[in-house]
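Colleague: I would like to go through this model with you. I will ask how each label is earned, and you set the value against the cut-off.

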Amino acid sequence: PGLYVINLLPNDFLVSIYGYGNWDKDFLQIRREGNLWVEVKPQPYKPSRGRLFLKKSATFRYLYQNLSLKDGIPSFAELFKRKSLEEEFQMNINVKEAVKDLELIRDVARYLFSKLLQELPDNRKLLLVMDANRHAIYAGKDPRKETVDSVMSAVAEEADDLAIPVLDLTEAFISDFRTHHERFDSPHDYHWNSRGHMVVGRAIADFFYRNHWCEVKLLERGV
């Protein structure tokens, strides 16, 4: 492909460093050794027999999802997520912890973005897409005044220092929500639903056209 688009979330960096929720070690992590970052290769996913049984159990899925036991009973939640008692989370990260580790996040972002540029083929373009704080938008707050924005801004600054363009989706989501008052999340988690994907797709297509990364105005073709 001639264009590479990578979506970024603020929790990507802390998860890569600390491995929250990565019990099976099945995704790439980054470890600090002296002044260097070392990549820890993921292991093939091998779920335990107990987890396989629970995942295949319709009864368990009904109790866990439909009756919201994952929220009401801490022991159920502990099977699937990291403990988060009395912690303030924004965009799926503990913002107090993230602010404390801001320089660490900057450093690992610089490392990862530099690696992307090294691997980028000649005459190819790279775009980083930064998700918006959608919960703040729904609440009528300014996402840029929320604590998590310091993490987003730090990551964007590291990309800018390496001349990597960053598309911030905040304005696109704010504008659409003001007009249509429809949420952008899946009913099950924080991933985009069909409307979220539409807004993101339009924002990316518009960026391509405005920056002459494509010859045809994709939005006029209904993309």
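Colleague: Start with Phe177. Why is Phe177 called buried?

Modeller: First, this is a predicted model. Phe177 has a relative accessibility of 16%. Buried means under 20%. So Phe177 counts as buried.

Colleague: What makes Phe177 and Tyr138 an aromatic pair?

Modeller: Their ring centres are 5.2 Å apart. The limit for a pair is 6.5 Å. So the two rings pair.

Colleague: Why is the pair of Tyr138 and Phe177 called tilted?

Modeller: The planes stand at 50 degrees. Stacked would need under 30 degrees, and edge-to-face over 60. The angle fits neither, so the pair is tilted.

Colleague: Which parts does this pair tie together?

Modeller: Tyr138 lies in helix H8, residues 134–138. Phe177 lies in helix H10, residues 170–180. The two parts are 39 residues apart in sequence, so the pair ties them together. Tyr138 is buried too, at 16% relative accessibility.

Colleague: How do you know that Phe173 and Phe184 form a tilted pair?

Modeller: The ring centres lie 4.6 Å apart, and the planes meet at 50 degrees. The distance is within 6.5 Å, and the angle is neither under 30 nor over 60 degrees. So this pair is tilted. Phe173 is in helix H10, while Phe184 sits in the loop between H10 and H11, 11 residues apart.

Colleague: Are Phe173 and Phe184 buried or exposed?

Modeller: Buried. Phe173 has a relative accessible area of 0%. Phe184 also comes out at 0%. The cut-off for buried is under 20%.

Colleague: What links these rings into a cluster?

Modeller: Ring pairs do, joining Tyr138, Phe173, Phe177 and Phe184. The structure holds 7 aromatic pairs.

Colleague: What makes you say that Arg134 lies over the face of Tyr190?

Modeller: Arg134 is 3.8 Å from the ring centre of Tyr190. The distance limit is 6 Å, and the charge must also be within 35 degrees of the ring normal. Arg134 lies over the face of Phe173 as well, at 5.9 Å from the ring centre.

Colleague: Now the charged pairs. Why do Arg106 and Glu103 count as a salt bridge?

Modeller: The N to O distance is 3.7 Å. The cut-off is 4 Å, so the pair qualifies. Both residues are in helix H7, residues 102–119. Being 3 residues apart, they are separated by about one helical turn.

Colleague: How do Arg106 and Glu103 stand in terms of burial?

Modeller: Arg106 is buried at 18% relative accessibility. Glu103 is exposed at 56%. The labels follow because buried means under 20% and exposed over 50%.

Colleague: What makes Arg110 and Asp107 a salt bridge?

Modeller: N and O are 3.0 Å apart. That is within 4 Å, so a salt bridge is assigned. These two are also 3 residues apart in helix H7, about one helical turn. Asp107 is buried at 19%. Arg110 is partly exposed at 35%.

Colleague: How do you know that Arg144 and Asp142 form a salt bridge?

Modeller: Their closest N and O atoms are 4.0 Å apart. The cut-off is within 4 Å. Arg144, at 39%, is partly exposed. Asp142, at 34%, is partly exposed as well.

Colleague: Which residues are joined into one network by shared partners?

Modeller: Arg32, Glu103, Arg106, Asp107, Arg110, Glu157 and Glu158. In total the structure holds 15 salt bridges.

Colleague: Last, the sheet. Why are S1 and S7 called edge strands?

Modeller: The open sheet has 3 strands in the order S1-S6-S7, with parallel pairing. Strands S1 (3–8) and S7 (166–168) each have a single partner strand, so one side of each is left without a neighbour in the sheet. Neighbouring strands are turned by 25 degrees against each other on average, direction ignored.

Colleague: How do you know that S6 and S7 pair?

Modeller: S6, residues 125–130, and S7 share 3 bridges in the parallel sense. Pairing needs at least two, so they pair. Met130 stands opposite Asp168 in S7.

Colleague: Which helix packs on the sheet?

Modeller: Helix H11, residues 194–210, touching S1, S6 and S7. The direction of H11 makes about 140 degrees with that of S6.

Note on methods: Residues are numbered from 1 along each chain as its sequence is written. This is a predicted model: local features need pLDDT of at least 70, side-chain atom pairs count only at pLDDT 80 or more; totals for chains, interfaces and linings use all residues. Side-chain values use heavy atoms; hydrogens and water are left out. Helices (H or I, at least four residues) and strands (E, at least two) are DSSP runs, numbered from the N terminus. Axes are lines fitted to C-alpha atoms, for helices over the stretch in contact, and angles run from 0 to 180 degrees between N-to-C directions. Contact means heavy atoms within 4.5 Å. A salt bridge is a side-chain nitrogen of Lys or Arg within 4 Å of a carboxyl oxygen of Asp or Glu. Buried means under 20% relative accessible area, exposed over 50%, partly exposed in between (1.4 Å probe, protein chains only). Rings of Phe, Tyr and Trp (its six-membered ring) pair if their centres lie within 6.5 Å; planes under 30 degrees apart count as stacked, over 60 as edge-to-face and the rest as tilted.
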